[in-house]
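Got the viewer open and a selection box ready? Let's take a walk through this one, stop by stop.

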Amino acid sequence: VPISIANTGANLAVWNGQVDPNYVIVSSPLADTNAYVVPTGPGYPIPPWAPDTTTSAWIGPAVQDNVLTPIGTYDYQVHFNLISGSDPVTLSGNWLVDDTGTAIEVNGVTVVQGSLPVWNTSTPFDLSSATNFATGDNTVDFIVYNTGGPTGLNVQFTSATESTPEPGTFGLLLSASGLLILGLRKKAIRA
């Protein structure tokens, strides 16, 4: 079953300068928790970031090209829902960061530890090994450290699925439970 989880800058008619409604900055040296779609172009930032794609765009804490963001850690968070929260969950993709991606967390637990500064080539990630997926609301946090100057994040999920039991499975489990209870009851009556 497909999981509905957004890429950065996804689903925006006009990207540059708008708040990304899917991502929020839950921790940073700034008071503003909005993640804005960051304008990119020839020569900005220096060195230039990998270009936006048709399915994802760079987001960051600053709207304007010339705003230099403070040194510190920026935690970008996106929410998604699972129907069953059971294994297997497949959640993987690619990320680009400026300056350094230090971790990717699922529901507050680190699943991917660090990456090199990669603003011009995407780095793959796979969160499928996480053991703390839950039924209902889940979060993925992308932790980025900025050493000064521009900072940003670009995420593109390439696979997002979950396994859900088929309707017949519930009937089978219910039948098995009933037989077990019946067997225990007969054993108790004989004793």
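How many aromatic pairs does a search of the whole structure find? Six turn up. Keep in mind as you click around that this is a predicted model.

**Stop 1: two ring pairs.** Select W95 and F142 and show their side chains. The ring centres sit 5.9 Å apart with the planes at 50 degrees, so this pair is tilted. W95 belongs to strand β5 and F142 to strand β9 (residues 136-146), so you are looking at a link between distant parts of the chain, 47 residues apart. Buried or exposed, these two? W95 is buried at 1% relative accessibility, and F142 is buried too, at 0%.

Now add F125 and F157. Here the pair is edge-to-face, with 5.6 Å from centre to centre and 90 degrees between the planes. F125 is in strand β8 (residues 123-126) and F157 in strand β10 (residues 152-162), so this pair ties together parts 32 residues apart in sequence. F125 counts as buried, at 5% relative accessibility, and F157 is buried with 11%. Keep all four on screen: ring pairs link W95, F125, F142 and F157 into a cluster.

**Stop 2: the core around F142.** Which residues touch the most other members of the largest nonpolar core? Y76 and F142 do, in a core of 32 residues. Colour the elements that give two or more residues to this core: β1 (19-27), β2 (34-37), β4 (72-82), β5, β6, β9 and β10. The largest share, five residues, comes from β4.

Then centre on F142 and show its contacts. Leaving out residues up to four places away in sequence, F142 touches Y23, Y74, D75, Y76, V78, W95, A103, I104, F125, L153, V155 and F157.

**Stop 3: another core.** Select W49, A50, W58 and L96. These are among the five residues of another core, which lies apart from the largest one.

**Stop 4: two backbone oddities.** Go to D98 and D99. The peptide bond from D98 to D99 is cis, with omega near 15 degrees. D99 is in the loop between β5 (89-98) and β6 (100-106).

Finish at N107, in the loop between β6 and β7 (109-113). What is the sign of its phi? N107 has a positive phi of about 50 degrees, although it is not a glycine. Turn on the surface as well: N107 counts as partly exposed, at 27% relative accessibility.

Conventions: Residues numbered from 1 in each chain as written. Predicted model: local features only at pLDDT ≥ 70, side-chain atom pairs only at ≥ 80, totals over all residues. Heavy atoms only, no water. Helix = DSSP H or I, 4+ residues; strand = E, 2+ residues; numbered from the N terminus. Buried < 20%, exposed > 50% of the residue type's maximum accessible area, 1.4 Å probe, protein only. Phe/Tyr/Trp six-rings, centres within 6.5 Å; stacked < 30°, edge-to-face > 60°. Core = buried A, V, L, I, M, F, W, Y, C linked by side-chain atoms within 4.5 Å. Contact = heavy atoms within 4.5 Å.
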